[in-house]
Structures are given as structure tokens and as C-alpha cells.
Amino acid sequence: PVSGMGAHASLPGAKTLAEALRGTDDLTVAFARFEAEMRPFVRTAQSITARAVEYSTGAPGGGRAATLVGGAGDLVGALGARVARFNSRRSAVRRA
């Protein structure tokens, strides 16, 4: 374990899975919804972990500064997408 992203993902992952299962009786549909919702976060978590390993081991590939900048870009991109999904859910709840 390098970044703690697995532990961090467990709670939102459990909530997302519960919501997907509650929304349909079809497990295939529920798991597809879960995958679609979680995949961007998982990709970012995997990228951040890989960059943390690169940074801590000094692995070649552009140097530590490039690793940090790339990781920050991944994080900012993921946060923007997550905030947009949160806001769209909030708007849907208000309309209901």
C-alpha cells in the first residue's frame, strides 16, 4: 500500500454500489452503473499510486517534478468530474 487510495475508495464505492443495486432489480444493469460511476475515480487512484511509486523510487521517466505535475493534473481532473456529478445529483434531488 502506497497511497491509501484503496481504503479511501471503499466508502464511496460501497455507497455507489448500494445506490446502483437499489435503483434496479437487474444485477447486470446495477453493476454496469457502478462501473460507469466508479471507473473515473479508480483510474485516477491507480494513476496517483503509480506516480507516488515513481516519485518515491526515483524511477526514470521525466524526473520527479514531471511526476508531481502529472499527479496534480490527474487529481484536479478527477475532482472536477466528481464535483460535477455531485452537483447534478443535488439538482435532481431538489427537483424531486
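Which residues does Thr 24 touch, not counting residues up to four places away in sequence? The answer is Val 29, Ala 30 and Arg 33. To place these contacts, start with the whole chain.

This is a predicted model. The protein has 3 helices and 0 strands. Read along the sequence, its pattern is α-α-α. Of its 96 residues, 18% count as buried. The protein exposes about 6600 Å². Carbon and sulfur atoms supply 65% of that area. Now consider contacts between residues at least 6 apart in sequence. Among these, 49% join residues at least 24 apart.

Return to Thr 24. This residue lies in the loop between helix H1 (5-22) and helix H2 (27-57). The side chain of Thr 24 has a polar atom 3.1 Å from the backbone nitrogen of Asp 26. Thr 24 also touches Val 29, Ala 30 and Arg 33, as said at the start.

Next, step back into helix H1, where Leu 21 is found. Leu 21 has a relative accessible area of 35%. That value falls between the 20% and 50% cut-offs, so Leu 21 counts as partly exposed. Leu 21 also belongs to a nonpolar patch on the surface. Its partners there are Leu 27 and Phe 31. Together the three residues have about 280 Å² of accessible area.

Glu 19 lies in helix H1 too. Its relative accessible area is 30%, so Glu 19 is partly exposed. The side chain of Glu 19 makes a polar contact of 2.7 Å with the side chain of Lys 15. Ala 30, already met as a contact of Thr 24, can be placed against Glu 19 as well. Glu 19 and Ala 30 are 11 residues apart in sequence. In space, they are 8.5 Å apart, C-alpha to C-alpha.

The last stop is Thr 16, another residue of helix H1. Is Thr 16 buried or exposed? Its relative accessibility is 6%. Buried means under 20%, so Thr 16 counts as buried. What does its side chain reach? The side chain of Thr 16 reaches the backbone oxygen of Pro 12, at 2.8 Å. Thr 16 also touches Phe 34, Glu 37 and Met 38, not counting residues up to four places away in sequence.

Look back over the route. In helix H1, Thr 16 is buried, whereas Glu 19 and Leu 21 are partly exposed. Thr 24 sits in the loop that comes between helix H1 and helix H2.

Terms used
Residues numbered from 1 in each chain as written. Predicted model: local features only at pLDDT ≥ 70, side-chain atom pairs only at ≥ 80, totals over all residues. Heavy atoms only, no water. Helix = DSSP H or I, 4+ residues; strand = E, 2+ residues; numbered from the N terminus. Polar contact = N/O pair within 3.5 Å; in protein donor to acceptor, adjacent residues only side chain to side chain. Contact = heavy atoms within 4.5 Å. Patch = residues over 30% accessible without salt bridge, like charges linked within 9 Å, V, L, I, M, F, W, Y side chains within 5 Å. Areas by Shrake-Rupley, 256 points an atom, 1.4 Å probe, with all protein chains shown as cover. Salt bridge = Lys/Arg side-chain N within 4 Å of Asp/Glu carboxyl O. Buried < 20%, exposed > 50% of the residue type's maximum accessible area, 1.4 Å probe, protein only.
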